[in-house]
Amino acid sequence: MPYLNTPPLIRGIFFSAMFFLVPLWCSTTLAQVDADLERRSVDFSEQIEPLLRRHCQRCHGEKHDEGGLRLNRRIDAIGEADSELPIVVPGHAGESLLISRLIDADAGELMPLDGEPLSQQEVDLLGRWIDEGAAWPETKSKGKHWAYEAIKRPDVPDHLTTEAVIDHFIDQGIATHGLVANPRMQPASVARRASLALIGLPPTPNDIEQFVASSKSASGQAYSSLVDRLLASPRYGERWAVPWLDLARYADSNGFQADQIRDNWAYRDWVIRVFNQGMPFDEFVTDQLAGDLRPNATSDQRIATGFHRMTTCNVEAGVHPEANRVNQVVDRVNTTATVFLGTTLECAQCHDHKYDPFSQKDYYRFFAYFNNTPLEVKQTSAVTWDFYGPKMDLPLEQNRKQKLADQNAELRKLRVKRDQVATESDSQFEDWIKRLRDQQPPLWESVTLVDFKTTGNEDVSLQPDGAVLLSGEVPPTVEHTFVLQPPAKPITAIRVELLTDDSIPGSGPGRGEAGRPNVILSEVTCEVMSGEEKNKVALTTAVADYSQPNWDVARAIDGDRKTGWAIGGQFGKPHWAIFLLAEPLLLDPESQSLKVNLGQYFGSGRVAGKPRVSASTQSADLLFLPDDLRSMFKGEKLSKQQRKKLRTEFEKVDKRLLELDQSIARIEKELKKLVPETTLVMQEMESPRETFVLRRGDYESRGDIVEAMTPGALPRDSTVAATGDRMELARWLTSAENPLLARVTVNRWWAELFGAGLVPTLEDLGTQSDAPSHPELLDWLASELIDSGWSMKHIHKLMVTSDAFQRTAELTKVMVANDPVNRYLARGPRFRLPAEMIRDNALAISGLLSEKMYGPPIMPYQPDKIWRSVGRNQPKWVAAKDENRFRRGAYVVWKRAAPYPSFINFDAPDRGTCTVNRGRSNTPLQALTLLNDPAYVEMALALADRVISESPSTDDRERVRYAIKLAVSRDAKEHEIDILVGLLSSERDDLKNQAQFVKARTTISVPALELRSTDMQELAAWFAVANAILNLDETMNQ
Amino acid sequence: MNVLPTSLGRRALFQRAGFGLGGVALTQLLRQSGADSPAVNNEQQAGLPERVAVGHQPHFPAKIKNVIYLHMVGAPSHLDLFDLKPELQKRSGEDCPKELFESGKFAFVRDLPKLLGTPENPKHRFTRSGDSGLPISNLLPNLQGVADELTLIKSMHTNEFNHGPAQMFMLSGFGQFGRPSVGSWVNYGLGSENENLPGFVVLITGSVLGAGSPAWGSGFLPSVHQGVEFRSQGDPVLFLSNPKGVEPSSRKRIIDTVNAMNQAQLADLGDPEIATRISQYELAYRMQTSVPELMDISSESKAVHESYGTQPGKNSFANNCLLARRLVERGVRFVQLFDQGWDSHNSVFSNVARKAKQVDQPVAALIRDLRQRGLLDSTLVVWSSEFGRTPFAQGTNKADKAGRDHHKDAFTVWVAGGGTKGGMSFGETDDLGYTIAENPVHVHDFNATLLHLMGMNHERLTFRYQGRQYRLTDVEGRVVREILS
């Protein structure tokens, strides 16, 4: 469907082209076509009632009678309005207010007041219905909306095989609408359409040849077995995961201000895997909603519940946890209703639904199923909230499991040992206390600052006290280097101070922003300079007056630039950190100097405004003693509490303990690499929450208490146990009594394969939905889905093996007039691929595609400054240089505040909410992406190389033929070859004596592709041809 | 009988611009096509589809054609810039009245805070400015100079008190993700006036706002209506420049080839999307010239640079203000500027002074410049933020360190330009600036007014999604007629 949620009949896009096309063929007049159409009489229930429901009854219906008017019963509609004018005068559209209020502003404000005007076709239809006598069967007005009625398997003629049923109904529609079906496409094109539709990738030239050959011999079977092969391909799950992940609002980040990365990818992998395995769809639904509640739930069943952990989460400093939680439950309710019921239950959040049969109470009864999971934010410091909530460890391979167990055992041993040593050292502790009490030395030597360097462009002002005051430009990241003249005694430690100053925004210590002047010391390193010679000085232990949670000062010397020491939560005051040298270091003040480097790599200007570095020659234990402990020795006796504090401190400096602690830290670090990855899951709390109706949807205005229950207007299944939990909900949704799940599901699949749903409003099958084009087909497919044991592949196979799917896409003049948007499928479905498949397809054509499956999200190339840090703790975007850059789009990391830009240009959503139906726009930004995005440029180079080296012939025309076959599967036409060879020749001419362009084109990829071509001049010319081929409309269409 | 509204062009630019049309049958078809836009394209109705029009006739005559929307990300302290409260100054340091404090919701402050008045010194003093005598802080001396153009709305209030949700609420009328931004609604309703540029352009200084790109997203509207970010570094529009080794002549040739091939397909299949594709490739090629030309401000006169404080090539708010004028000149409907760094949980007085200094000159210059060029009558300049700041202190109440928390119940926005009175202030807060005393204006009211100025009835600018007619203003909103001229 070209456009999101606009009924296709009124979609202007088609009309633009009709202007273009009509002059091409004018043999029959449009008036004749109209006349053909008008011969059929209007059917109330099929054509008129849906119009009234959709446009009128939300204000003039059963529940509302604006202006005293109801249009849900004939008896009301035939009456008079407040103006005493008749609303519907059977036989006289011209006298009926129903018509004049739609089109004549003089009759009063144009209706509908709150929505899009009716199309001329709709008005004409209403007019014709009135002129024909305004037939309104009384029985109809009592009936339920069709979608809430039980699915009834329609009768089909006995002789029809299952495979023929779709075409049976489609052919009826074609005939009724005065259309003539197009013929089947050539085998190669059929193979391409099926392949793109089912696995999102084109067939290889080899596949095509085989298929074309076998089509000639065993025509019926060849296509069927091709479809079977596609359905069995591992690529099938990757392709079908994409629309499902839109529904599941799958993303790899939280959304909102602190759009941090979270680990969910195991859920994405689960979707791919079970689609490939052919899991029955009802099981698929049940696992996602309630897998954790199955008896002895397996890992996979728990991973599946990640479906409802995809909800966004605001961890902004001022978040109110309960408000956040209620928003999340609301999202779960609304998403569940949209995805599995195709209803707009969310309208009942604040009041009873205006036009579908759901009360506000129904809403909160539904809400109660989801109201029993824990909070998902946790306060980790005064102003910091973190994303939280149930996670599970992913199952490990045996090998890694063993290693993990070994290391854990080792860790336990070391800890026992540490406890022993700690006990043994009691007497040493007493000695230590005595020594401290006796010592009164100056702690820090004043060292002379010889030089200061910065990698930033700040203004530097050296202060008399040895500090350095920085102003002017704020570098996002920086290294500050202090060159110090050493004291004459051995240096034991260095101290880094982050001082405040009024000239720094917010007084500092950091310069980034006044409200949050954090400094992140990523790495502190130290070197001795002896003339030209440099020697690294090892720093072992770090202590600071304060460290932000998760940013302990020890991380400033862990060799990892991504971690560091930060002081978030305590701004506006000075801080210090002390780093102990591994060995005391005696330097010659005359010939040697000490260089201390403060690496601040976090970004966003989290850099020091006034740092100072000094050195000490005192023993470590004394240095590390915080001021408050040192002051304890002023008194005569130590309290028990003071002794306890000192003991903790002592253990930090005892050499044996220190060594043990280092071993423990090392193993902990190793364990970190071994511990299983995690994924987010649903988990019930021990004691359930009470659920209230929330007045106006406000979480603080509680109304009546409600119990979990399914909506009253939909049938309940007595065989489903009323357990009041998500399992009950899942059982009800997948029960045979639920009329919606199967209809909603087959309708969405139909839209994926045919471009638009049988009901075009995929997200809503309620009273406001568009009427189904083929109601019987919809019900037949729904019942076939259930009867097949909810087999997705079975239904997909029926759909793609239908004649309707295999037709040519040629648009005839009759179609322009009678069915411009192809609701009746007299022509084959031809439409643009979704964003991920645009890229997958181009990667496959160029021969670069990697078939590696599963695992953490990948970061292929994207331009700088897209991955902007919003909030904190962001990983950097490091573009993959290995095969990860060529993996399928389903694996690309999805950050909600900054999604992958070339996907966004092709209508991918940000996945902040459930998306049922992506748009299908056609924009110049798409042209720019495919022409110039370095990722696609690289693919063009690879395609050029592939064509030159793989084409069976070296003849230009043969090579072009091969390239076209790679891209669009079919044989190129001679005039197409002329066009492309023309481009090739011009490029060759232009590139003569232009070595720099040749070089630029052929070295465009980073890292360089392994090219098979040797003639770079030729490759550069073919590059242009490949670039053009990857940009063809046909290449990006299925 | 009247012909029903039909339209073609609301998404014309970015969906399919500019191929020629003709023939009587076309108009007939058009009329059959029905409306796909709430606002009406008059040209189509008149049966003169000589070109795909990219403008639309609104619901009623518009006062303005363009909006330049300046969003101060993080929320400035309106109390210290536009809404001076002498009573608050007098009572500064006293405990905040308990009943007031307990009635509100705040992001950070949990214990009863102290009231915090604007410092009483010349730097922070307010001056009655212009003929209208609007009181504006001395922190904004240049803005004082255009006071007679400004309409202050001092009684704004919103529903959300955290940045991300409040930004979404201010800009999409909803505190979660999923709804279209105001710029995309306008773009949907009216389209662009320039065939070579998008109808909704976003310019950013500082880090991107907390809500991220959804703040200019199109929600459930077709994605062609979303804001297009013009970047100050790298390609101004993503992927605008040709790869190395591909000269413009070669790019032209490649595009011509693509289009010739597509033309052949079109002849075979007649799929209208192919025709659209052809025109989009032509447009992409034109954009490769028009966008860099637009972004290059070096052609502006010295006087212009001096008045804005712009420097070609720099990423600054001043440069973005000048770019906003250039975009509006070229017919871009909605230009949204985001400027980060206004959040002031501590040192609010020094921070607001520093930020005010950055924006004062360019904003005033923009208004003057638009006025001089005759564009201000058809353009609305909006100064806004996601919420205001509390009249009490967060943390210490010492003047040099004190901060202000987020405040959703009262804040100030202002507008300048066509259709508004100027030189006036509307709505009042109470003596402490805590709640609204008079003429409250909710976010929905403000958005209703903005749409009204553009000729659109906020109750009729709707989009059907999930069976419901969605609006920017949800089910609320009142046009604030009192500020309209």
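This dialogue walks through some features of a predicted model.

Biologist: What are the ground rules for this model?

Modeller: The model is predicted; local features need pLDDT of at least 70, side-chain atom pairs count only at pLDDT 80 or more, and totals for chains, interfaces and linings use all residues. Residues are numbered from 1 along each chain as its sequence is written, while chains are lettered from A and ligands numbered from 1 in the order in which they are written.

Biologist: Is helix H24 of chain A enclosed or open, and why?

Modeller: Start with the terms. Helices (H or I, at least four residues) and strands (E, at least two) are DSSP runs, numbered from the N terminus. A residue is buried if 20 or more other C-beta atoms lie within 10 Å of its own, exposed if 12 or fewer, and partly exposed in between; C-beta atoms are placed from the backbone. Now the case. Helix H24 of chain A spans residues 726-733, and 7 of its 8 residues are buried, so the rest of the structure largely encloses it. Among the buried ones are A:Met727, A:Leu729 and A:Trp732.

Biologist: Which helices do the buried residues of H24(A) pack against?

Modeller: Their partners are H14 (281-290), H16 (321-341), H17 (360-369) and H25 (741-754) of chain A.

Biologist: How should I read a positive phi at A:Asn296 and A:Ser969?

Modeller: Check the residue type, then the setting. A:Asn296 is not a glycine, yet its phi is positive, about 50 degrees. A:Asn296 sits in the loop between H14 and H15 (299-304) of chain A. A:Asn296 counts as exposed because it has 5 C-beta neighbours inside 10 Å. A:Ser969 is not a glycine either, and has a positive phi of about 70 degrees. Its loop runs between H34 (956-968) and H35 (974-991) of chain A. A:Ser969 has 26 C-beta neighbours inside 10 Å, so it counts as buried.

Biologist: Where are A:Pro112 and A:Pro509 placed?

Modeller: Both follow cis peptide bonds. From A:Met111 to A:Pro112, omega is near -10 degrees. A:Pro112 lies in the loop between H5 (97-103) and H6 (120-131) of chain A. From A:Gly508 to A:Pro509, omega is about 10 degrees. A:Pro509 lies in the loop between strands S8 (491-498) and S9 (520-521) of chain A.

Biologist: How many helices and strands does chain B have?

Modeller: Chain B has 14 helices and 17 strands. Of its 485 residues, 67% count as buried.

Biologist: In what sense do S9 and S10 of chain B pair?

Modeller: Two strands pair if DSSP finds at least two bridges between them. Here S9(B) (residues 388-394) and S10(B) are antiparallel, over 4 bridges. B:Gly388 stands opposite B:His407 in S10(B). S10(B) covers residues 403-407, and 5 of its 5 residues are buried.

Technical notes. Contact = placed C-beta atoms within 7 Å.
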